[in-house]
Amino acid sequence: MSASQQDLYPNKLWVETPLIRSPHLSSHLQAEVYLKLETLQPTQSFKYRGITHYAQHALRTYGPDVHLVIASSGNAGIAAASAAKILKLRCTVFLPHGVSQSTIDYMRKEGAEIVIEGNYYLQARQAAQKAVDADPKAVMVPGYDDPLLWEGHASLVHEVQQQLPAGTRPDAIFCSFGGGGLAGGIIVGCKAVGATNNGRNARLELLLPIPVDERWAIHWRRRLESQPEWNDGGA
Ligand SMILES: Cc1ncc(COP(=O)(O)O)c(C=O)c1O
């Protein structure tokens, strides 16, 4: 990690992950393709970056009694549970039905309390919001839509900038898209490092998994259209 990154994220809990060139994808796509190995984060996903960043901010702002509450169907909840364990904070994860037992066990092992509510993420999130409203020590940890979270996720762009061969600027960044937090972090990071191509923003392509709820796709579609720096053709 460069000196400037140390300054940006002095107490970071995530690890710098390798950026590797993929010979197979590069030859298949006739382009230089690099993969950022976020599965090597302590909780096996990029979520750990933004969520630990958010949790540290909550601790600084509200003190050691702060109660982290999050709604998640998986990786965000695991990241929050793990952040809470390291920071010695209380954490409750609201999950919809259907989350695998191994995920639940992982969160419990990290010391999180688990509440299972509803069949969909949004129902679990409503229940989490009620719990936050009823507990003055609770804060809702965002899964995808908060500037602090994006600031943490943006660290991966700072790393990529340092890791690419000298003089290389990406023409496009591909990422998967659920609630849009990863994409938001990449945009924040690209802006911070001035990642533009001849004055244009680098293209961001989003690989859409099955959406949690089609309302998110509509919501993000509107946001994309209202923000010129997003490239159309993504979500
Ligand atoms: C491994 C992984 N990649 C990508 C995503 C999509 O991220 P976001 O919801 O920030 O768009 C998720 C979301 O759960 C995830 O767990």
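Tutor: As a working definition, two strands count as paired if DSSP finds at least two bridges between them. Please also keep in mind throughout that this is a predicted model.

Student: OK, so in strand 5, what is the bridge partner of Leu95?

Tutor: The partner of Leu95 is Ile116, which belongs to strand 5. Strand 4, spanning residues 90–95, and strand 5 run parallel and are joined by 4 bridges.

Student: And how many bridges pair strand 3 with strand 4?

Tutor: Strand 3 and strand 4 pair over 5 bridges, again in the parallel sense. Within that part of the sheet, His67 stands opposite Arg90 of strand 4.

Student: What's the strand order in the whole open sheet?

Tutor: The open sheet has 4 strands in the order 5-4-3-6, and the pairing is parallel. Strand 5 and strand 6, the latter covering residues 138–140, stand at the edges; each has a single partner strand, so one side of each is left without a neighbour in the sheet. From one strand to the next, the twist averages 25 degrees.

Student: How covered is strand 3?

Tutor: Strand 3 is mostly covered, since 4 of its 5 residues count as buried.

Student: Which strands does helix 6 lie across?

Tutor: Helix 6 lies across strand 3 (67–71), strand 4, strand 5 and strand 6, and its direction makes an angle of about 160 degrees with strand 3.

Student: What about the loops on either side of that helix, say where is Asn119?

Tutor: Asn119 sits in the loop that leads from strand 5 (113–116) to helix 6 (121–134). Asn119 counts as exposed because it has 10 C-beta neighbours inside 10 Å, and the exposed class takes in residues with 12 or fewer.

Student: Which residues does Asn119 touch, leaving out those up to four places away in sequence?

Tutor: With those left out, Asn119 touches Pro96 and His97. The C-alpha atoms of Asn119 and Pro96 are 5.0 Å apart in space, although the two residues are 23 apart in sequence.

Student: And Pro136, where does that one sit?

Tutor: Pro136 is in the loop between helix 6 and strand 6. Pro136 is exposed, because it has 9 C-beta neighbours inside 10 Å. From Pro136 to His67 the C-alpha distance is 8.9 Å, while the separation along the sequence is 69 residues.

Student: Switching to the ligand, which residues come nearest?

Tutor: The ligand has 13 residues around it, of which Asn75, Gly178, Gly179, Gly181 and Leu182 come nearest.

Student: Which element gives the largest share of that shell?

Tutor: Helix 9, residues 181–193, gives the largest share, with 3 residues of the shell. By class, the residues around the ligand divide into 4 nonpolar, 8 polar and 1 charged. As for domains, at least three residues of the shell come from each of domain 1 (3–43 + 148–226) and domain 2 (47–144).

Student: Where is Cys175, and is it buried, exposed or partly exposed?

Tutor: Cys175 is in strand 7, which covers residues 172–176, and it is partly exposed, because 19 other C-beta atoms lie within 10 Å, whereas the buried class would need 20 or more. Between Cys175 and Ile186, which are 11 residues apart along the chain, the C-alpha separation is 8.8 Å.

Student: Back to the backbone: what is phi of Gln44, roughly?

Tutor: Phi of Gln44 is near 65 degrees, a positive value in a residue other than glycine. Gln44 belongs to the loop between strand 2 and helix 3 (47–62), and with 14 C-beta neighbours inside 10 Å it counts as partly exposed. Gln30, too, has a positive phi, of about 55 degrees, without being a glycine.

Student: Where's Gln30, then?

Tutor: Gln30 lies in the loop between helix 2 (23–29) and strand 2 (34–36), and it is exposed, with 7 other C-beta atoms within 10 Å.

Student: Last one, how many helices and strands are there in the chain?

Tutor: The chain has 10 helices and 10 strands, and of its 235 residues, 36% count as buried. Of the contacts between residues at least 6 apart in sequence, 66% join residues at least 24 apart.

Notes
Residues are numbered from 1 along each chain as its sequence is written. This is a predicted model: local features need pLDDT of at least 70, side-chain atom pairs count only at pLDDT 80 or more; totals for chains, interfaces and linings use all residues. A residue is near a molecule or strand if its C-beta atom, placed from the backbone, lies within 6 Å of it. Helices (H or I, at least four residues) and strands (E, at least two) are DSSP runs, numbered from the N terminus. Ala, Val, Leu, Ile, Met, Phe, Trp, Tyr, Cys and Pro count as nonpolar, Asp, Glu, Lys and Arg as charged, and the others, Gly among them, as polar. Domain bounds come from an automatic or database domain assignment. Two residues are in contact if their C-beta atoms, placed from the backbone, lie within 7 Å. Axes are lines fitted to C-alpha atoms, for helices over the stretch in contact, and angles run from 0 to 180 degrees between N-to-C directions.
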